[in-house]
Amino acid sequence: MKRIISAIKEWEERELPELKERQLDMNLFTKADHIIDIIGVRRSGKTYSMFLASKKLLKQYNKQQIIYINFENKALFPLNDKLLDKVLNYIIEKGLDKKKVFVFLDEVHNIKNWEKWARNIYDDYKGKIKLIVSGSTSKLIRKDVATLLTGRHLSNVLMPLSFKEFLFFNQMEYSKDDLLYSKKKQIEIKKQFKKYLEFGGFPEIVLTENNELKLKILRNYYDDILYKDIVQHFKIKEMNILENLTRFLILNIGNYFSFKRVSDHLKSLNIKTSTRTLLRYTSMLEEVFLLHFVPIFSFKVKDELKYPRKIYLVDHSLKNVLNPDSDNFGSVAENIVFLELKRQSLDKLFAINYWKSQAGEEIDFIIRKQRKINELIQVCWDISSPETKKREIKALLKGSKELRCNNLLIITGDYEAEEKVKGKKIKYIPLWKWLLSKAKTTL
């Protein structure tokens, strides 16, 4: 009990830092009785989102009614589920359950069977004790947890900063008219976009000015995700396989992934492994949000399982850790587009696939709701080559015909236009402008 009381007292005496707004619906913390879970990759801003919610709650409630506990705090070790019972005992002893208390449990997945405790709290103290939990693993919403908490929780995936959030963190304001008419403002935004293109959207990185320090921090992020969130948590022994697998996947973002391809690569390094091991390790990389895999689109479900998936990284900046001298803007641009589509899909509930014809034409992103195709998107950083442009258009036209979709888009480095080709309208838009046009408006 002493450890919990000490952690709570430390929180009550703590002054909250200056905080930046995030694209997170703060109404969930006050208007819904549900358990709120905030999940996402390490260092994406989950803790600060909890602080931000706490700061807003302090306008209506006193600080005793807001409890924050971080289960990565070594002062609480060894961790066990009895710690959660002690949190409840503290609340009851203080009579806080007779008012309204908000309990923030950071990195709660470190506590075994936390979800059973959370369910009991919801069922017994609904409207009195509000739980907000966070975790750096998708296990927080895995099937058995989701089943146990069915109807009792609302999930929020927090990703690194979008480009709109990046501009907000850098105190840059703009209007829709600026995007359309102000050359001066566009130049300023494009200057900021170059920074985003190079160092991505992890909040701490965005607020760090020194480039060498940024790379050192990113290296620490990479090591913590790999060695703390995976090696330590899952007790990995075959570290050589995991390290080389992760490196291969990150250096191949935007490319196809298959177990055979990875296995062949590892064999070339004299590393023997099995498909079962690779499947287990790639699942772990997904579970800690480091990597995402996009399947092919087909009207036959079995084809989606049969064909290779495409690889995307949670933030393109982590590629700099492994290959800081790379200037492959094409793969980085495609990764940025995927991440923005992923952010949008969390709210609008659409699916993301890629498409490939029998003749080999490929479309980078197919956006669909259920089986209806809403948009076809190509990402081409440099569209200046006639051959490149012809290839991108050919794939879009083929896909448009087969998939019965006329909403055709090519996202570029800096080219903007609208053309009609064979009766089909194709829109070209620079990546920076597309990102701002797609961004949510909650800031």
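In helix α3 of this predicted model, the buried residues are Lys46, Ser49, Met50, Phe51, Leu52, Ala53, Ser54 and Leu57. The helix covers residues 46–57; these twelve residues reach 17 Å from the first C-alpha to the last, close to the 16 Å expected at 1.5 Å a residue. Packing against the buried residues of α3 involves both helices and strands: α1 (2–13) and α2 (28–31), together with β1 (35–39), β2 (66–70), β3 (101–106) and β4 (129–135).

The loop between β2 and α4 contains Pro78. The peptide bond that joins Phe77 to Pro78 is cis, with omega at about 0°. Pro78 is also one of the residues touched by Leu83, along with Arg3, Ile4, Phe71, Leu76 and Ile111, when residues up to four places away in sequence are not counted. Leu83 itself belongs to helix α4, residues 82–93. Its relative accessible area is 1%, and Leu83 is therefore classed as buried. Although 82 residues separate Leu83 from Met1 in sequence, their C-alpha atoms are 7.6 Å apart in space.

Positive phi values occur at several non-glycine positions. Glu107 has a phi of about 55° and is placed in the loop between β3 and α5 (114–125). With a relative accessible area of 8%, Glu107 is buried. Arg404 likewise has a positive phi, near 55°, and is located in the loop between α18 (386–403) and β12 (408–412). Arg404, however, counts as exposed, at 78% relative accessibility. A further positive phi, of about 70°, is taken by Phe289, just after α14.

The largest nonpolar core comprises 40 residues, of which Leu218, Ile230, Leu249, Val262, Leu290, Leu291 and Leu318 touch the most other members. At least two residues of this core come from each of α11 (211–234), α12 (239–250), α13 (259–268), α14 (275–287), β7 (291–294), β8 (309–313) and α16 (319–322). The greatest contribution is that of α11, which gives eight residues. In soluble globular proteins, nonpolar side chains tend to be buried together. Apart from this core lies another, of 36 residues, which includes Met172, Val337, Ile367 and Leu435.

Within the largest core, Leu249 is among the residues that touch the most other members. Beyond its neighbours within four places in sequence, Leu249 is in contact with Phe257, Val262, Thr282, Leu285, Leu291, Phe293 and Ile311. Two of these partners, Thr282 and Leu285, are buried in α14, as are Thr277, Leu278, Tyr281, Met284 and Glu287. Helix α14 has 13 residues and reaches 18 Å from its first C-alpha to its last, close to the 18 Å expected at 1.5 Å a residue. The cover over its buried residues includes the helices α11, α12 and α13, and the strands β6 (256–257) and β7.

Ahead of α11, Thr208 is situated in the loop that follows α10 (203–206). Its relative accessibility is 13%, so Thr208 counts as buried. Outside its neighbours within four places in sequence, Thr208 is in contact with Leu213, Lys214 and Ile217.

Two packed helices are described by the angle between their axes and the distance between the axes. For helix α17 (residues 329–348) and helix α19 (residues 431–438), the axes come within 11 Å and cross at roughly 5°. Because angles under 35 degrees count as roughly parallel, α17 is roughly parallel to α19. On the α17 side, the meeting residues are Ala333, Ile336, Val337, Glu340, Leu341 and Gln344; on the α19 side, they are Leu431, Trp434, Leu435 and Lys438. Val337 and Leu435, one from either helix in this pairing, are both among the members of the 36-residue core.

The structure holds zero disulfides. A disulfide is a covalent bond between the sulfur atoms of two cysteines. For Cys380, the closest cysteine sulfur is that of Cys405, at 19 Å, which is too far for a bond. The converse also applies, as the closest cysteine sulfur to that of Cys405 is in Cys380. Cys380 is buried, with 7% relative accessibility, and Cys405 is likewise buried, with a relative accessible area of 4%.

Methods:
Residues are numbered from 1 along each chain as its sequence is written. This is a predicted model: local features need pLDDT of at least 70, side-chain atom pairs count only at pLDDT 80 or more; totals for chains, interfaces and linings use all residues. Side-chain values use heavy atoms; hydrogens and water are left out. A nonpolar core is a set of buried Ala, Val, Leu, Ile, Met, Phe, Trp, Tyr and Cys residues joined through side-chain atoms within 4.5 Å. Buried means under 20% relative accessible area, exposed over 50%, partly exposed in between (1.4 Å probe, protein chains only). Helices (H or I, at least four residues) and strands (E, at least two) are DSSP runs, numbered from the N terminus. Contact means heavy atoms within 4.5 Å. A disulfide is a pair of cysteine sulfur atoms within 2.5 Å. The expected span of a helix is 1.5 Å times one less than its number of residues. Axes are lines fitted to C-alpha atoms, for helices over the stretch in contact, and angles run from 0 to 180 degrees between N-to-C directions. Angles under 35 degrees count as roughly parallel, over 145 as roughly antiparallel, 65 to 115 as roughly perpendicular and the rest as oblique.
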